Amino acid sequence: MHGYGYPPQQPPTPRPSSGTLVAVRVILVVVTVLSCGLLGWAAMLRLAIVTRRPRDWVLLAVVVVLNAGLFAFIMATPDDPDEMTDAQALILFFWLVGVLAGVVAYYLYAEIRHYSTPQPYSGPVQPVQPVQSVSPVHPVPPAYQQPNPYTVQAPPPAPAPRRLDQVRAELDELSDYLRKEGEGR
C-alpha cells in the first residue's frame, strides 16, 4: 500500500556483520597498498556505493584522475633509475605516497564513520492521522519521563551485612581502648 502520493521505498538493507566489514576493509587497504595506490579507486568506489554521497563520488573521480596522471608520469619517466632526475624521483615518490595515504586514510575514516552512525529508518512513510483534542482522564505530570528500555539499571546497593557492622563496632571499641591506654601512661 503506497497511498497518499508517497513513492514506494525499498526496505533498508541490513548492516553487514562486523567480521565482514573488517575483512572487506583489510582486503581493500591491502590491495591499495600493494598496488602503490594505483588500485585505490577500488576502495573509493566501494565507499561511494555504500555511502551514496556526492562528495564520495567526486573523490572517486579525483582519485581516478590522479591515478591516470600518475600512470602517465611513470610512463614518461625513463626506465633506467640512473637516468631519472632527483626532481622526477621526488615528484613520483610524493605523488605515490600522497595518493596512497590519502585514499587509505579517507576510506577507513569515512566507512567506519558511516557504519558507526545509526542509519535513519527509510521504510514506508505512514500518513499522519488527524488528532482530536481530547483531555485525558488522568493527566500525566509534565515532569514524568518514560524510562529508556535500552538502558541498564544498576542493581540497588546491597545492605551491609551484619558481620561488617560487628567488625566496625569492634574496631571502634579497640580504638577507644587504645586511646584510654595512651592517656593512662
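A residue is called buried here when its relative accessible area is under 20%, and exposed when that value is over 50%. By that criterion, helix 4 of this predicted model holds the buried residues L92, V99, V103, V104, Y106, Y107, A110, E111, H114 and Y115. These buried residues of helix 4 pack against helix 1, helix 2 and helix 3, and the points below take up helix 4, the shared core and helix 1 in turn.

**Helix 4 and the nonpolar core**

- Helix 4 runs over residues 86-116, and its 31 residues should span 45 Å at 1.5 Å a residue, which agrees with the 44 Å that separate its end C-alpha atoms.
- The largest nonpolar core has 13 residues, and those with the most contacts inside it are A43, M44, L47, V103, Y106 and Y107.
- At least two residues of this core come from each of helix 1, helix 2, helix 3 (54-76) and helix 4, with helix 4 giving the most, namely 6 residues.
- A43, one of the residues with the most contacts inside the core, touches L28, T32, V103 and Y107 when residues up to four places away in sequence are not counted.

**Helix 1: length and sidedness**

- The 17 residues of helix 1 (residues 18-34) should span 24 Å at 1.5 Å a residue, and the distance of 24 Å between its end C-alpha atoms agrees with that expectation.
- Within helix 1, the buried residues are L21, R25, L28, V29 and T32; because they cover an arc of only 100 degrees around the axis, they lie on the same side of the helix.
- The face of helix 1 that is turned away from this buried side carries I27 and L34, both of which are exposed.
- Helix 2 (40-51) and helix 4 are among the elements that cover the buried residues of helix 1.
- Just after helix 1, C36 adopts a positive phi of about 55 degrees.

**How helix 1 meets helix 2**

- Two packed helices are described by the angle between their axes together with the distance between those axes.
- For helix 1 and helix 2, the axes come within 7 Å and cross at roughly 150 degrees, and because angles over 145 degrees count as roughly antiparallel, helix 1 is roughly antiparallel to helix 2.
- On the side of helix 1 this contact is made by L21, V24, L28 and T32, while helix 2 contributes G40, A42, A43 and R46.
- L21, L28 and T32 of this contact also belong to the buried residues of helix 1.

How values were computed:
Residues numbered from 1 in each chain as written. Predicted model: local features only at pLDDT ≥ 70, side-chain atom pairs only at ≥ 80, totals over all residues. Heavy atoms only, no water. Helix = DSSP H or I, 4+ residues; strand = E, 2+ residues; numbered from the N terminus. Expected span 1.5 Å × (residues − 1). Buried < 20%, exposed > 50% of the residue type's maximum accessible area, 1.4 Å probe, protein only. Arc of directions from axis to C-beta. Contact = heavy atoms within 4.5 Å. Core = buried A, V, L, I, M, F, W, Y, C linked by side-chain atoms within 4.5 Å. Axes fitted to C-alpha atoms, helices over the stretch in contact; angles between N-to-C directions. Parallel < 35°, antiparallel > 145°, perpendicular 65-115°, else oblique.
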